[in-house]
Amino acid sequence: MKPVLVYGATGVTGRRCVSALEASGTPYLVGGRDAGRLEDAAGPGCTGIRVADAGAIGGAFAGIGCVLSAAGPFARFGLPVLDAAIAAGAHYVDTTAEQSFMRMARSRHDAAVAAGVTALPACGVEYLPMFLLAALAGDGPVESYIWLDDFLPTRGSVRSMVSMAGVGPTPWPRRVRFGDRSGSALRIAGAEEVFVHPDSRTHLVLRWFEAWPFALTWLPAKLLEPDRWADAIAARVTDPTPDQQAADGFTVVVRRAGRTLRLDGRDVYGSTAVYAAAVARMLVAGGARRAGVVDAGSALDPQAVLTAIGAKATTI
């Protein structure tokens, strides 16, 4: 079996992906810009280091079965990594939540099909559960809702979040309830309308006193080009500790074709790593049902993925 290469292995998410691959016994390498930091990130099961800048990857992905990219912001760094994976004939998985990058990635669909490559963006907590639940629910547009409880973002996540500010319609809050989960839902630019159905809607669910400030900053963000300030804002952020990461939780609810399904979990970054590593492992093992830049719910058996990540879908 060809190995997985974790590109962007030195960040918080990349290191968690390395740990997930170590735990599963999957052969892997690490890749990125800094050889010293890559040596530090590599676990005892690592079989090699590939040093390459995102803008000049060259042949760094030769012999790789799947590239798992955790190098963001993806709108800034992601496309050359995807292009290099396709050129090398390697499958591709990433942890993005940036719709702008998803649309860029989608433009590489025909090239991936021609190369026999399956590329699966957005395999983190934000969207992999949605892809899987939507595939299980049926056909048609999707409504999805995600709660992130006590979540503290890393510097890398803040860079991506700032770059996403102001994208899409202004997210005015509306009250929602699904069983014991409730809150103020704000529509955001999501993966569903890119990969599943164009009339789909994605919602981030916050407490009311969080939701209104979020909404009111959206219009200024459209005018201020926040991506220019992403690095300066992120520099003021302290990465959450392992204990803080382990303490957060999430809930994803998907409505489609008259069905409502739910998935719960803990540790956003740890779960994202487990999810992305499991999907990469399935691709290397030949589990893809189709090639192209597509969603994981249509490219893989959704129930098999749920089993692999130790998650369960429940009907509401």
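These legends go with a set of close-up views of one predicted model.

**Figure 1. The whole protein, before zooming in.** The fold is built from 15 helices and 14 strands. Its C-alpha atoms fill a box of roughly 50 × 45 × 35 Å along the principal axes. For 316 residues, a compact globule would have a radius of gyration near 20 Å, and the protein comes in at 18 Å, which agrees. Of those 316 residues, 53% count as buried. Take the contacts with a separation of 6 or more: residues 24 or more positions apart account for 69% of them.

**Figure 2. Surface and charge.** The accessible surface adds up to about 13,200 Å², and carbon and sulfur atoms own 53% of that. On the charge side, there are 31 positive and 29 negative side chains. The centres of these two sets sit 3 Å apart.

**Figure 3. Phe-131 meets Phe-195.** A pair of aromatic rings is described by the distance of the centres and the angle of the planes. The count for this protein comes to eight aromatic pairs. In the one shown here, the ring centres of Phe-131 and Phe-195 are 6.1 Å apart with the planes at 85°, so the pair is edge-to-face. Phe-131 belongs to helix α6 (residues 128-137) and Phe-195 to helix α8 (residues 192-195), so the pair ties together parts that are 64 residues apart in sequence. Both Phe-131 and Phe-195 are buried.

**Figure 4. Tyr-145, Phe-178 and a ring cluster.** Tyr-145 and Phe-178 make a tilted aromatic pair, with 5.0 Å centre to centre and 50° between the planes. Tyr-145 lies in strand β7 (residues 143-149) and Phe-178 in strand β8 (residues 174-178), so this pair links parts that are 33 residues apart in sequence. Tyr-145 and Phe-178 are both buried. Bring Trp-147 into the view as well: ring pairs join Tyr-145, Trp-147 and Phe-178 into a cluster.

**Figure 5. The buried residues of helix α7.** Helix α7 covers residues 155-164. Which of its residues are buried? They are Ser-157, Val-158, Ser-160, Val-162 and Ser-163. The buried residues of α7 pack against two other helices, α11 (230-234) and α13 (268-284).

**Figure 6. Val-293 and its neighbours.** Val-293 is part of strand β13 (residues 292-293). Buried or exposed? Val-293 has a relative accessible area of 0%, so it counts as buried. Leaving out residues up to four places away in sequence, Val-293 touches Ala-105, Arg-106, Arg-108, His-109, Ala-112, Ala-119, Pro-121 and Phe-195. Phe-195 on that list is also a partner in the edge-to-face pair with Phe-131. For a distance to set beside these contacts, Val-293 and Gly-124 are 169 residues apart in sequence and 16 Å apart in space, C-alpha to C-alpha.

**Figure 7. Glu-193 in helix α8.** Glu-193 is placed in helix α8, the helix that also holds Phe-195. The relative accessible area of Glu-193 is 18%, and the cut-off for buried is under 20%, so Glu-193 counts as buried. What does Glu-193 touch, not counting residues up to four places away in sequence? Its contacts are Gln-99, Arg-103, Arg-187, Ile-188, Pro-198 and Ser-200.

Note on methods: Residues are numbered from 1 along each chain as its sequence is written. This is a predicted model: local features need pLDDT of at least 70, side-chain atom pairs count only at pLDDT 80 or more; totals for chains, interfaces and linings use all residues. Side-chain values use heavy atoms; hydrogens and water are left out. Helices (H or I, at least four residues) and strands (E, at least two) are DSSP runs, numbered from the N terminus. The radius of gyration is taken over C-alpha atoms; the globule rule is 2.2 Å times the number of residues to the power 0.38. Buried means under 20% relative accessible area, exposed over 50%, partly exposed in between (1.4 Å probe, protein chains only). Contact means heavy atoms within 4.5 Å. Accessible areas come from the Shrake-Rupley method with a 1.4 Å probe; for residues, only the protein chains shown count as cover. Lys and Arg count as positive and Asp and Glu as negative; His and the chain ends are not counted. The place of a charge is taken as NZ of Lys, CZ of Arg, CG of Asp or CD of Glu. Rings of Phe, Tyr and Trp (its six-membered ring) pair if their centres lie within 6.5 Å; planes under 30 degrees apart count as stacked, over 60 as edge-to-face and the rest as tilted.
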